[in-house]
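Trainee: I would like to go through the labels used for this model one by one, setting each value against its cut-off.
Mentor: Then let us begin once the structure is in view.

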Amino acid sequence: MNEAPDDPGVVIGEDGLARPAWASVDPMLRDYYDTEWGMPVTDERGVYERVTLEGFQAGLSWATILRKRPAFRAAFDDFDPDAVAAYTEGDVERLLADTGIVRNRQKIEAAIRNAQATQRLRDDIGLSALIWSSKPATTPRPRTFADISTTSPESVALSKELRKRGFAFVGPTTMFALMEAIGIVDTHLIGSHRRGTSGVWPE
């Protein structure tokens with residue numbers, strides 16, 4: 001891999017495409033970056049899944065969560081909020097015994113609590129619309145990874161609103177990561193082949 005001469009924030013891969021360093025080596029992360037990260041997700045199940053996985057990621061690497069995502073989907077009924085909302089203590093114990101996922105009681109219980117909160121939101125704005133309402137007026141234009149903030153005024157406000165609605169493991173940093181992952185903000189580096197491709201923030 002060689003750094004792009006006009007932008008030290010991106011790395012040119014063997015395929016000639018520019019990516020951030022975190023997505024330039026591991027094939028799994030590279031594929032995730034090329035095909036999924038930053039693309040709009042607006043359906044309830046999809047948004048709930050990503051809220052859940054971002055919560056499980058707290059304190060861990062995203063690569064760890066991504067490798068375990070198939071097991072998470074199997075363990076959590078493909079992140080169907082109605083199914084997860086009905087989980088009992090028996091399900092919590094089942095999940096705590098599942099070596100394929102992150103076995104953390106607080107995070108497992110938060111996933112159930114958040115599914116129940118997602119159900120309640122249907123009578124109001126809905127989970128997806130609530131989270132997408134945090135879309136800012138402008139998006140960052142980072143040249144290097146160091147230029148990217150870990151929170152924003154919008155992620156702080158979203159965190160507060162979700163907590164008020166009964167959600168857990170939705171801190172400002174976690175919510176900013178969610179906003180990046182589902183296209184609410186575009187933090188693809190200037191010079192990356194993915195910059196502006198979501199359709200939400202055309203260059």
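Trainee: Why is Pro 140 called partly exposed?
Mentor: Pro 140 has a relative accessibility of 30%, and since buried means under 20% relative accessible area, exposed over 50% and partly exposed in between (1.4 Å probe, protein chains only), Pro 140 therefore counts as partly exposed. This is a predicted model, in which local features need pLDDT (the predictor's confidence in each residue, from 0 to 100) of at least 70, side-chain atom pairs count only at pLDDT 80 or more, and totals for chains, interfaces and linings use all residues. Residues are numbered from 1 along each chain as its sequence is written, and side-chain values use heavy atoms, with hydrogens and water left out.

Trainee: What makes Arg 67 and Asp 26 a salt bridge?
Mentor: A salt bridge requires a side-chain nitrogen of Lys or Arg within 4 Å of a carboxyl oxygen of Asp or Glu, and the closest N and O atoms of Arg 67 and Asp 26 are 2.6 Å apart, so the pair qualifies. The pair links distant parts of the chain, 41 residues apart, with Arg 67 in helix H3 (residues 62–75); helices here are DSSP runs (H or I) of at least four residues, strands (E) of at least two, numbered from the N terminus.

Trainee: Which label, buried or exposed, fits Arg 67, and which fits Arg 69?
Mentor: Arg 67, at 51% relative accessibility, counts as exposed, whereas Arg 69, with a relative accessible area of 12%, is buried. Arg 69 forms a salt bridge with Glu 36, the closest N and O atoms being 2.7 Å apart.

Trainee: How do you know that Glu 49 and Arg 45 are separated by about one helical turn?
Mentor: They are 4 residues apart in helix H2, which means a separation of about one turn. They also form a salt bridge, with closest N and O atoms 2.8 Å apart, although Glu 49 is buried at 0% relative accessible area and Arg 45 is partly exposed at 29%.

Trainee: What is the nearest side chain of opposite charge to Lys 107?
Mentor: That side chain belongs to Glu 54, 10 Å away, and Lys 107 is buried yet has no salt bridge; for charge, Lys and Arg count as positive and Asp and Glu as negative, while His and the chain ends are not counted. The side chain of Lys 107, a residue of helix H6 (residues 105–121), does reach the backbone oxygen of Ala 58 at 2.7 Å.

Definitions and conventions: A polar contact is a pair of N or O atoms within 3.5 Å; within protein, one must be able to donate a hydrogen and the other to accept it, and residues adjacent in sequence count only if both atoms are side-chain atoms.
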